[in-house]
Every structure is written in C-alpha cells, then in structure tokens.
Amino acid sequence: MQFYRDGYRPGDPDIHPASAEALARPREIPAEIDVLIVGTGPAGTVLAAQLAAFPGIDTRIVERREGPLEKGQADGVACRTVEMFQAFGLASALLREAYWVNEVRFWGPADDDRSKIVRTGWVQDTLYGLSEFPHVIVNQARMQQYLLDHAAASSSKLEPDYGIEFVTLEVGEGDHPVAVTLRRVQTGEEFVVNARYVVGCDGARSNVRRAIGRHLDGDAANHAWGVMDVLATTDFPDWRTKNVIQSAGKGSLLTIPREGGSLVRCYVDLGEVQAGDADIRSTTVEQLTAVANGILHPYSIDVRSVAWSSVYEVGQRVTDKFDDVSAGEEATRLPHVFIAGDACHTHSAKAGQGMNVSMQDAFNLGWKLAAVLEGRSDAALLHSYSAERQAVAQNLIDFDRFWSAFIAQPTVDPEHPELGGVTSEQMQAEFARQGRYTAGLATQYRPSALTGGGEHQHLATGFEIGTRFHSSPVTRVADAKPVELGHAQTADGRWRIFAFGDASGDGLVDFAAWLSDDPGSPIARFTPAGADIDAVIDVHGVFQTHHRDVDLGALPEMLLPHSGPLGLQDWEKAWAVDDKHDVFADRGVSRDGAIVIVRPDQYVAHVLPLSARDELTAFFGGFLVEQRTPALA
C-alpha cells in the first residue's frame, strides 16, 4: 500500500480526501449521471468499490432497503474472492474476522449399526498451492459492508442512496441514453434520472432484468434444504470443522462453522419436493433441528439460539445475455444496461459460489466501464462483459446441477445396493476432485481481443492464459521486503505487464527501456499526454538474481518511474527471486525470460517472449484507444 505520494497528511491513510469532483457533486441524485447501480448486494457493492477509484466518473448506487444489509444469506468466501479483496486492500481485515475452512470431514453410517454415524475420512479443503489465501466463512452483510466502507473512504466518497427503488427504464439516444424511473419508498414520489449506463444488481427478482426483456431459464427446483445459523451445545466432536454427513435413510447434513468461534451454519436435507411447494417453506426451526438430530445420531445438538434461518429449493437458472443488446445485434448496437449476480444466474448454495461469482461479475464489468468512460477504450469493449461472464455462469450452472444432485444422494446400503446411492468414499473423492471450482479458480476466459492465444504459453506454464494470475512470493528490490507478486495489483483499472528477466537481466532492462523511450511502444501510444507513465499500463520487472545484485541506479524510467503530483519515484516496480521461493521455478517461467500481461481484474491476458515488440503493441491496440500517434509521441 502506498500513501503520502501527494504530501503528508495525518490520520488513517485508508481514508482519502474528497476529490474536487466529489466536492462539486450534489448529495441528491442529479438529473444526469454516468453510472447508476441498482442494488447493494454482492455484485452492487463490488461495482461501487471498483468505480469509486475513478472520482471523475459520477456513479450512484440506489437500494430499496432503508439501510445496509444486517443478516445475509451467503457466507462462503472462495480463495479467488479473497484474492480480489486483496486488490481493494481489504483481505487482511476479512481474514482477521473470518472462519478459515482448513479441512472437510466426512461422516456416514457405521458398518455395525447403520442407525449411527461414524467419521469416514477427511480432505484438505483447499489443496496446497492453489492460492496464497484460504477459503473462509463470513456473513454476506459483513462482506458488503467492507466494500461500502471502502467506497465511502475513497476520494469519490461514494455512498448508497437508501430507500429508493427502481421502477423501469427506457433506452434512447444521446450522451445519457438511459432514462430511469426511480421511486422513493417512503413517499411514493417518482423521479427520472438519465444515465450513460445502468447496472442491475437487484437480485433474482430483478426489475432491471425484466425492463430489458431478459428472463431466467433453467431447471425447476425439486429438492429442498433448510438452513440455519445456530449457537448450540453438542457432543458431536467435529462441530468446529466443515462436515458432510450422510445418514441411513434420514437425509444429509452439511455443517459449516462460522466466524466468532461458536456460530455454525447447518444445511438440513428436507428431501424431494414438488416445485413451488408452499408447505415446505413453513418448516420451523424446531423441525429443522429435529431432522438434524436424527441425522447426527448418536450425537445431538442443543440449539440455544438461532441467528437466521430459511428454507429453499434447489434450482439452477441463467439468462442468455447479461446486457440489453440482442444476440446478433452486437455489430450495430452498443450495450447501455447490464445485469450482474443473481439478476442473471441463480443456483444452489451447495457449491458455495453464488456470492463469489456475483462479485466476479462486477469486477469484470467495473474496469471496463471505467476504461470506456475515461476514454481509454472504445465502447465496443463493453460487449465483452456478457460474452465472458455468461459463459462462466453457464459453466457454474452445469457444475452446480451435478454437485447439488450428487450431494443429495442417499448413502449406499450394503444390504440393498440395488437401491443406488453414493458411498462415503465416493463423496470424499468427488469433493476433492471439485476443489478448483469450490476455490473459485475454475474460470478460464476464451481467446478474444482481451485474451491471447497459447502459442507462447510454454514460456510461463504456471500463468495459464485466461485464468487468474497465480501469485508467488518475491522480494522487493528497493527494501528487501518479501511480498506476494500478485499483491502488486490493485483495483485501479490499470493493465499490468510482469516482465520476467533473462539470466543476465540485460534483456529485461532493454525491454523496460524500450517501453519508456520508444515512441512506438504501447506506453507511448496508449498513455494520455500529461498522464503518469504508468497511468494505463503498470509495468513490473522480476529479476532472476538476488535482490542485492540488482543495481537500482541502472534501471530505466519504466521500472523506477516518477509519478504523482510531486513527481516522486515509485520504488515498488522491481522484484527479485525470494530467498525461499524462486518464482521462475514455481510458475514455470522460462530462464530466457517472458512477458505476462494481466488484466485489471487479475486474469492473465497473454504470454509473450521478452523480445516481443510489435506483437505486444498490437495486442494492446486491440482494446486501447490510441492517445498519441508514434510520430507525435
């Protein structure tokens, strides 16, 4: 984290002074704005936190509730989501508060008495090396509050307008083509706001989705689960680990410890139901507890307090597109209305991905909106949001359909194998096999203008193109501090080039000098005149040598740039191999060097040779707007 670059100021460095643009804006929503976010759920709060990094963009977020969410339904936070929180500077606070899911234990009927359950095995929840962060549990309301606090502390001073609900919208022409009708919940007063872009993050019953003619398609629900967050006493020995419990004929139970050391979430199998069964939704907490105790026999729980409970039916639904442009019209129309999160995909809680995928939707969209509104990219870039995220959602739906059906199967009865079911060993093996999904790491974007082909993938096999950038420990040259390389990425909308040096380091220095000095380089061509040299593309150099062997005084401007209002050097662009970890070996980077290009949402966009010049510039030219022609740079 860097601060004081514009001068010393006392107090909490996470709280930024208001920008001139923020100070000039009225508190009430004006008649014209750049971006309207509808809803403060997981997607809406991530999008607000991302756009808050751009004070020149007038963003407003409305919520029909009268205040922030107090009790959320979602709780599982995948490793990938913690990585994203790190980009916002929020991972440390999240990890301090959250429950860490270290392993999953499995229970099934005892061989000698099938009315009782016994522990049958365990697996590590997240395989070692998948991420530097764990899978954690924390209430959705807390997740959202972290993000809202981040937006409020930014120089944009972005805060939600509560008690305002979305009514409808119409897309017309002009600079602010989306006319949005909003209503004040308490008074019923309606008013119209004209926006450049609208993003519906308003849940499964999304009115924004309905306004653009989209609808959710998928399977009708046919299996019900009860869920409750309980404070209880128990003789069950694994109460503070995650458990998958199968009984003989009494259903299944998932227990997931919560933050704070005492709270536990219980998912109680209520069996097959008809879609829309109203009676199942009237199941009481006492009934859920009775079913749970039946499954746990010979153990039991004595519930002393219930923080939250619900009953839901498993179903998977997704829309065909995530914006207001019909399929086939992409060449003639630009999108102005988007939907994200549950507004465009719904699924069971069993995979633990609903909140996580919703947040990734918004992280994908936020930097693209900022790039277009700030003139760094053409508006056609916005087509890529639906193209990329709809495919991700469909893959999740397919996985969730399989996983929710698999986990709901009864356990096999050895005396009646013809009845089918699944053994404890099969359940355990399948859970381990699906680890990348549950860690949130299964997403891989297909080749496009934003994602290159794999012809040079062999130069950095551990940075797979289209997947998230897999961090590794390095040492910062300037101060010998051990740091995760991935943590150099902040949620500021910039592209990153990680240039991994050749054995001597001369090739890396030559490459960085070319970026700094050559008028044909992507830095010269796509950085606005007068902007910092790293304003659009943030370049980092990683040397194979020990940090003491790197001569900082010999580095070109690109790796020791002067930036900010005071023109200070940035000492955090040069890295070396860590004393205990060699990033080149850990991530399969060629000893001849390599260029790894990373998108603003932390996904690997391309891998190129360290000697690449024209190919690198051509890649950035596929989505960045020329700011200065080579002759004038």
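Which residue stands opposite A574 in β27? We will meet that residue in the sheet below. First, a word on the model: it is predicted, so local features need pLDDT of at least 70 and side-chain atom pairs count only at pLDDT 80 or more, while totals for chains, interfaces and linings use all residues. Residues are numbered from 1 along each chain as its sequence is written, and side-chain values use heavy atoms, with hydrogens and water left out.

Let us start with the sheet, whose strands, like the helices, are DSSP runs numbered from the N terminus (E, at least two residues, for strands; H or I, at least four, for helices). Seven strands form an open sheet in the order β22-β21-β27-β24-β23-β28-β29, with mixed pairing; two strands pair if DSSP finds at least two bridges between them. At the edges, β22 (482–484) and β29 (604–608) each pair on one side only. From one strand to the next, the twist averages 30°. Inside this sheet, β24 (residues 537–543) and β27 (residues 574–577) run parallel and are joined by three bridges. Here is the residue we were after: G541 is opposite A574.

Helices lie across this sheet too. Helix α12 (residues 506–517) crosses β23 (495–500), β24 and β28 (594–598), running at about 165° to β24. Helix α15 (residues 614–621) lies across β23, β24, β28 and β29, at about 160° to β29. Axes here are lines fitted to C-alpha atoms, for helices over the stretch in contact, and angles run from 0 to 180 degrees between N-to-C directions.

Now turn to helix α2 (residues 42–51), whose axis comes within 8 Å of that of helix α8 (residues 354–373) and crosses it at roughly 30°. That makes α2 roughly parallel to α8 (angles under 35 degrees count as such, over 145 as roughly antiparallel, 65 to 115 as roughly perpendicular and the rest as oblique). In the contact (heavy atoms within 4.5 Å), α2 contributes P42, A43, V46, L47, Q50 and L51, and the α8 residues include M355, F363 and W367. This contact holds twelve nonpolar, three polar and no charged residues. Ten of the ten residues of α2 are buried, meaning under 20% relative accessible area (exposed is over 50%, partly exposed in between; 1.4 Å probe, protein chains only).

Helix α8 also packs with α3, at an angle of about 40° with the axes 10 Å apart; the two are therefore oblique to each other. Here R80, T81, M84, F85 and A87 of α3 meet N356, M359, Q360 and F363 of α8.

Terms used: Nonpolar A, V, L, I, M, F, W, Y, C, P; charged D, E, K, R; others polar.
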